[in-house]
Amino acid sequence: MNYLAIKMIMGDRLKYIGLLLGLTFAAMLITQQMGIFLGYTVRMFSFITDTPAAQLWVMDPQTKFTEDSKPVSDTAALRVRSVDGVAWAVPMYRGPLNVKIQGGQNERCVLIGVDDGTLVGGPPKMVEGRIEDLWQTDAVIVEEKAAKTTLRVREADGSMRGLRVGDTLSINDRSARVVGLCALADAFFWEPVLYTTYSRALNYAPPERRQTSFVLAGLKPGSSIENVAKLVESTTGMSALTNDGFTRMTTLFVLKKTGILINFGITVALGFVIGILVAGQTFYNFVVDNSRHFGSLKALGLSNRRLLGMIVVQVLIVGAIGYGLGVGAASVSGTALRQVGLSFILPKELLIGSAVAMLGICLVAACLGAVRVMRLEPGIVFRGA
Amino acid sequence: MTTLPAQSPAQTSRNPGELAVHCKALTKTYGKGDSAVRALRGVDLDVSKGELLMLVGPSGCGKTTLISVIAGVLEHDAGECVVFGQSLRAMSGSERTRFRGHTVGFVFQAFNLIPTLTIAENAAVPLLINGVSRRDAVGRASEILTRVGLGTRLKDMPNRLSGGQQQRVAIARALIHKPRLIVCDEPTSALDKDTGHSVMELLREVAIGPEQSLIVVTHDSRIFEFADRIARMNDGQIEKVVESHLEL
């Protein structure tokens, strides 16, 4: 009977196309908006992703997210190192500073100071130069994307060009020299990122009593990260988070503070509701228009259970096609959006999530039709044409 | 097998083993209270095996309700309705559904062919419902459509056929699973005289056998001549049963 079910729905071209368009649009809207939302979410913790060496992030307990570092004592790294299970611990400076570019332009940038000796916490991928070049005098490494856009240099003749290795900058009236360009993950926050050594970063930064933003720590082999984190917290009085924990904290804080979740949530919910309304109404109309035929099938001996099966097959087949088209359209539009800098990712979890949402839409649509068919008296077939 | 009650004027004198349908004191009321409509008011009717019985009468007299009950698509309120030895009242809903699928064939006034299926697929529907594979069902549909003169149109869609041809497809659909009882609701009312005659000739030729019976509800006096007996209904009751339309 599945064959009949498919021919019945696909043969009714107008309803089939209407149903397909509704489901495709719903799948596209849900997938695209969730993809953009997830893309933004991933960007929120790009700083953590770009610091893969750290196993534990130790920070002031009042820290709320990556951009909200509250300095801890300069001896914090030493105290963390003394905790059982910690193999190494290095300080990191992270803070906003004004950077003056050749040609007079001022930009607010994020300066990251990494451990002088090991350079742990440095840029994950160099595009030009080497990370060891940070050991040179006044050396800074600049994020490549910002070097080409925000930090462009105005030449004497008025023309603009991207910041290059060898160019000089002024940070808090102190000289800095670009020794390399690095590639970073796209970030939610827009300030250009510069890397230098920890001690040089402290020289650039305005003096404060406490200047260490984070302590990055690694574990001894065989140590339990949860146990070491608890031990660090109880020993130092600071907060110790795993990469996942810090990611979660940052994401939740940004989502809560910006309302981005509600905005995207509304759009996704809208996609779901539109899907239900369009698919539900179109399918219901299909069932109403075909009442006589469903009634005939009932009269000819088809049970309600098998009719229900036919309806579910009809909706699921169209739903699956609509899902494929919708996800495909979302993927194409997302790729285009990425070209202009918008965030969009399509992980398999999102594909599964939107498939579940579509299944929900299809089942609601099927229920609307099924109620009508179940209540249908087979005697309808004996009523006049 | 149900024990049959005493004979009434609308019943035949045949023994129970020769009866296809036996209705006794059948009642059916639609609605409740003041708006209740008594569609059947104690119908007594027998249809023999191998018989073509026509049900006639004015609109609203209960003809369609009666064949709906006999065909198992409508439950009656009281009385007895036994079809080929099976009491419909004793059946559950799912048993009645199975009974319809195996024992009853339908020919509807509006043909009720599914417009998105080919005529072979339409004719094959009862077999598909009964679990026959699509290939076998369509194969058997092709054979029976050839018998009704549509062997060259198997892949046509219903809207490509004339009314008479569509009714032939409906007849093929009604016969394909070899049901013992075929009920036809106004099978010729949408057809012209000649086409109506050829449809009735076809029904007589292919739908009636020693173990098969045919009940035709009709207003169309042009086809009365095809009946073995004619039962005239009025106001929810069988008013008269005659063997020739000339006696009506």
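## A walk around the model

On the surface, A:Y284, A:V288, A:V364 and A:L368 come together as a nonpolar patch, and their accessible area adds up to about 270 Å². Two helices of chain A, α9 (260–289) and α12 (348–375), each give two or more residues to this patch. A:V288, for instance, sits in helix α9 of chain A. Keep in mind as you look around that this is a predicted model.

Now head to the start of chain A. A:M1 lies in the segment before α1 of chain A. Which residues does A:M1 touch, leaving aside those up to four places away in sequence? In its own chain they are A:L297, A:L302, A:R306 and A:M310, and from chain B they are B:L128 and B:I129. A:L302 is 301 residues from A:M1 along the chain, yet their C-alpha atoms are separated by just 9.5 Å.

Next come two helices that pack against each other: α1 (residues 2–11) and α2 (residues 13–44) of chain A. Their axes are 5 Å apart and the angle is about 90°, which makes α1(A) roughly perpendicular to α2(A). From α1(A), the residues A:I9, A:M10 and A:G11 meet A:R13, A:Y16 and A:L19 of α2(A). Sorted by type, the residues of this contact are 4 nonpolar, 1 polar and 1 charged.

Helix α2 of chain A also holds A:R43, the partner of A:D186 in a link between distant parts of the chain, 143 residues apart. A:D186 itself is in the loop between β9 (174–183) and β10 (193–197) of chain A. The two form a salt bridge, and over all chains the structure holds 23 salt bridges.

Here are two of the distances side by side:

| Pair | Atoms compared | Distance |
|---|---|---|
| A:M1 and A:L302 | C-alpha atoms | 9.5 Å |
| A:D186 and A:R43 | closest N and O atoms | 3.5 Å |

Conventions. Residues are numbered from 1 along each chain as its sequence is written. Chains are lettered from A and ligands numbered from 1 in the order in which they are written. This is a predicted model: local features need pLDDT of at least 70, side-chain atom pairs count only at pLDDT 80 or more; totals for chains, interfaces and linings use all residues. Side-chain values use heavy atoms; hydrogens and water are left out. Axes are lines fitted to C-alpha atoms, for helices over the stretch in contact, and angles run from 0 to 180 degrees between N-to-C directions. Helices (H or I, at least four residues) and strands (E, at least two) are DSSP runs, numbered from the N terminus. Angles under 35 degrees count as roughly parallel, over 145 as roughly antiparallel, 65 to 115 as roughly perpendicular and the rest as oblique. Contact means heavy atoms within 4.5 Å. Ala, Val, Leu, Ile, Met, Phe, Trp, Tyr, Cys and Pro count as nonpolar, Asp, Glu, Lys and Arg as charged, and the others, Gly among them, as polar. Patches are made of residues with over 30% relative accessible area and no salt bridge: like charges are joined within 9 Å, nonpolar side chains (Val, Leu, Ile, Met, Phe, Trp, Tyr) within 5 Å. Accessible areas come from the Shrake-Rupley method with a 1.4 Å probe; for residues, only the protein chains shown count as cover. A salt bridge is a side-chain nitrogen of Lys or Arg within 4 Å of a carboxyl oxygen of Asp or Glu.
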